[in-house]
Amino acid sequence: MAEQTPIIEFKSVSLAYGDTEILKGIDLSLEQGKFYTLLGPSGSGKTTILNLISGQLAATSGDILFENKRINDVPVEKRTVNTVFQDYALFPNMNVFENVAFGPSIKKMSKTDIERQVHDMLKLVKLDQYADRDISELSGGQRQRVAIARALANDPKVLLLDEPLSALDYKLRKDMQYELREIQQRLGITFVFVTHDQEEALAMSDWIFVMNDGVIQQNGTPEDIYDEPINHFVADFIGESNIVDGIMKTDYVVHFVGKDFENVDAGMRPNERVEVVLRPEDLDLTTIENGKLIVTIDDQSFRGDYYEITAIDDDGNEWQVQATNSAQVGERVGLTFDPEDIHIMRFNESEDDFDARLESYEDDDEE
Amino acid sequence: MKSKQQRQLFYLVPYGAWLLLFVIAPLFLLLFQSLTSANGGLTLHNYAVYFGSGTYLRMTFNSVWFAFLITLITLVISYPMAYLLNQLKRKQFWLLLVILPTWINLLLKTYAFIGLLSKTGTVNNFMSFFGIAPQQLLFSDWSFLLVAAYIEIPFMILPIFNSLAEIDPKLEQASRDLGANKWQTLRRVILPLSMPGVKAGIQAVFIPSLSLFMITRLIGGNRVITLGTAIEEHFLVTQNWQLGSTIGVILIVAMVVTMILTRDRVKKNTRK
């Protein structure tokens with residue numbers, strides 16, 4: 001990763017209304033030209049971060065830097081960022097052309113420049129035939145595109161997207177995910193995308209910030225976050241997870257559901273209490289003799305490309321399994337998995353400690 | 001099926017009766033009266049008198065001019081007020097305070113103003129503390145405009161307030177986000193979107209102001225003579241119902257013209 005100055009930086013930014021803390025000391029740094037996602041449940045503070053970048057909200061404390069300049073006190077209209085709003089917020093008194101031309105005309109661009117800019121933007125979102133339409137004549141997906149074109153018409157350095165796809169149906173949402181990603185790569189500007197949909201975040205982002213309770217829980221590439229969730233919340237929020245309590249006996253040996261298992265984690269205190277994560281897609285059904293765990297099938301539903309199976313072990317723990325072969329409800333089967341499928345989470349480990357620990361024993365492995 | 005239709009017809013009876021008795025019949029009577037002479041024959045004489053008389057035409061112009069001034073004054077005061085009310089936290093409460101005076105009888109309010117503005121009234125009393133001699137405040141164009149505007153302001157604020165309240169706050173955010181400052185946002189987004197309320201307010205103030213008559217007498221001291229005053233004179237004083245009706249018809253025509261001018265021309269741009 002080349003060292004470049006971040007386009008946006010948060011330095012211990014907090015925001016509170018009276019006693020209610022919305023954001024608690026957020027530190028983050030965004031680079032030019034990447035697709036970032038703020039992912040979290042509603043009320044986690046992700047939209048608040050967006051509003052702090054756009055200037056709709058002011059931080060209670062901390063510094064917000066834009067290209068190394070503090071912008072806490074710069075008013076909304078003076079910032080070179082633009083927003084695609086959740087419900088689009090298109091001006092109903094203007095047609096498609098006028099909506100997209102709003103920003104450029106405020107900037108006092110010449111008439112021909114405005115026309116060219118609007119035309120280019122509508123072409124980018126594939127709506128060049130719709131310039132004269134009224135907003136009320138457009139479908140939800142088309143309004144979405146106008147909103148994107150309008151925000152991009154100002155040539156922002158950063159585009160903020162506030163759950164822009166949440167109102168679209170599944171198929172359209174998939175298409176727009178792909179298209180947004182393409183637009184971002186073509187224009188090479190920074191996108192900050194807010195969503196509560198983990199699938200969307202994993203599919204689109206270069207980098208994800210997982211948020212909860214006004215705190216960034218974990219940040220990293222989609223692969224990092226999926227494969228190495230740092231705590232219970234992240235493991236549970238991103239994808240499906242089986243989480244059980246366990247004890248890390250020594251390096252590379254973890255004890256859970258009454259048995260010792262070989263795994264690939266290390267760097268913890270002997271006999272430390274931990275949480276063990278096993279992803280449903282990493283579990284496979286097998287015969288009882290070959291099973292590392294013996295379970296009884298409790299429920300099964302067909303999902304097209306796999307069977308979603310709920311099974312219960314003899315200790316009463318529930319296991320979600322995504323299996324390619326079906327089973328009978330009530331049948332006793334074995335579950336099998338590989339040592340590298342086991343992911344260990346320590347209680348209250350910070351992101352920095354987590355990264356340091358990972359690095360320490362990965363170095364050991366190479367020796 | 002039939003009984004359902006009959007029942008619907010039944011529900012229409014009160015409305016139909018009301019419409020017939022208090023809207024259609026009076027309108028026809030008015031029109032009929034205006035087309036008859038004192039001895040009962042059909043004639044256009046009344047209209048000839050009206051249009052031939054400089055006095056009546058001046059009165060008509062006066063009515064329209066004062067109604068225009070009242071509307072303008074209330075609009076200039078009401079729009080910023082409605083805008084500010086909308087920004088307040090408990091806006092419904094503050095709006096209620098503005099609406100409250102409309103629940104009080106018009107005559108009472110008018111008399112209150114006589115008490116305030118008369119030569120021995122509150123305002124002159126107060127001014128005398130500063131050594132200013134009592135002024136003639138009542139019976140002037142200004143006092144008439146003041147009281148008329150005071151009475152009409154709630155009817156202007158209410159529709160404007162409502163149309164402003166309907167505007168999605170996200171639109172204001174979007175405008176700011178796209179680089180417009182507060183003033184540009186007001187001019188290019190808020191003002192156009194609140195026009196339906198402004199038009200409704202103009203209708204609600206301008207049309208009744210055309211036929212104001214009590215205030216013209218009590219506050220304006222008959223110095224301002226409008227069509228409303230003229231109608232009252234003809235019906236109650238000179239007993240010339242025919243000419244009174246003629247002026248009434250003219251007034252109704254003026255109202256209809258105002259409504260046509262201020263209606264929502266195209267019903268596009270209405271969302272959902």
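**Strands, sheets and a chain contact**

Reader: In which strand of chain A is A:Asn242 found?
Author: Happy to start there, with the reminder that this is a predicted model. The strand in question covers residues 242-250 of chain A. A:Asn242 is found in strand β11.

Reader: Does A:Asn242 count as buried or exposed, and why?
Author: The cut-off for a buried residue is 20 or more other C-beta atoms within 10 Å of its own. A:Asn242 has 20 C-beta neighbours inside 10 Å, and therefore counts as buried.

Reader: Which residues is A:Asn242 in contact with, leaving aside its neighbours within four places in sequence?
Author: A:Val276, 34 residues away in sequence, lies 7.9 Å from A:Asn242 in space, C-alpha to C-alpha. The contacts themselves, with those sequence neighbours left aside, are A:Leu278, A:Pro280, A:Trp319 and A:Gln320.

Reader: In β14(A), what is the bridge partner of A:Met248?
Author: Strand β14 takes in residues 272-278 of chain A, and it pairs with β11(A) in the antiparallel sense over 7 bridges. Within β14(A), A:Met248 has as its bridge partner A:Glu272.

Reader: What residue in the turn between β11(A) and β12(A) has a positive phi?
Author: These two strands run antiparallel and are joined by 3 bridges. A:Thr250 has A:Val253 of β12(A) as its bridge partner. The strands form a hairpin with 2 residues between them, and the turn residue with a positive phi, about 70°, is A:Tyr252.

Reader: Which side chains of strand β12 of chain A point to one face and are buried?
Author: It helps to recall that in a regular strand the side chains alternate between the two faces of the sheet. Along β12, residues 253-256 of chain A, A:Val253 and A:His255 point to the other face and are not buried. The buried pair is A:Val254 and A:Phe256.

Reader: In the hairpin of β12(A) and β13(A), which residue takes a positive phi?
Author: Strand β13, residues 259-262 of chain A, pairs with β12(A) in the antiparallel sense over 4 bridges. One of the partners in β13(A) is A:Phe261, bridged to A:Val254. The hairpin has 2 residues between the strands, and the positive phi, near 40°, belongs to A:Val257.

Reader: Which strands stand at the edges of the open sheet that holds β11 of chain A, and why is one side of each left without a neighbour?
Author: This antiparallel sheet has 5 strands, in the order β13-β12-β11-β14-β20 (chain A). An edge strand here has a single partner strand, so one side of it is left without a neighbour in the sheet. From one strand to the next, the twist averages 40°. The edge strands of chain A are β13 and β20 (343-346).

Reader: How much are neighbouring strands turned against each other on average in the sheet β15-β19-β16-β17-β18 (chain A)?
Author: Here again 5 strands form an open sheet with antiparallel pairing. β15 (284-286) and β18 (318-323) of chain A stand at its edges, each with a single partner strand. With direction ignored, the average turn between neighbouring strands is 50°.

Reader: In β18(A), what is the bridge partner of A:Ala311?
Author: Strand β17, residues 307-313 of chain A, pairs with β18(A) in the antiparallel sense over 6 bridges. The bridge partner of A:Ala311 in β18(A) is A:Trp319. You have already met that residue as a contact of A:Asn242, and the name to keep is A:Trp319.

Reader: What gives the most to the side of chain A that touches chain B?
Author: In total, 20 residues of chain A are in contact with 19 residues of chain B. β6 and α2 (96-106) of chain A each supply at least two residues of that side. Its residues divide into 7 nonpolar, 8 polar and 5 charged. The element that gives the most, with 3 residues, is α2(A).

Reader: Where in chain B does pLDDT stay under 50?
Author: Chain B has a mean pLDDT of 88, with 96% of its residues at 70 or more. Where pLDDT is low, the predicted coordinates should not be read in detail. For the stretch under 50 the model has 9 contacts beyond four places in sequence, and that stretch is residues 267-272.

Notes:
Residues numbered from 1 in each chain as written. Chains lettered and ligands numbered in written order. Predicted model: local features only at pLDDT ≥ 70, side-chain atom pairs only at ≥ 80, totals over all residues. Buried ≥ 20, exposed ≤ 12 C-beta atoms within 10 Å, placed from the backbone. Contact = placed C-beta atoms within 7 Å. pLDDT = per-residue confidence, 0-100. Nonpolar A, V, L, I, M, F, W, Y, C, P; charged D, E, K, R; others polar. Pairing = 2+ DSSP bridges. Axes fitted to C-alpha atoms, helices over the stretch in contact; angles between N-to-C directions.
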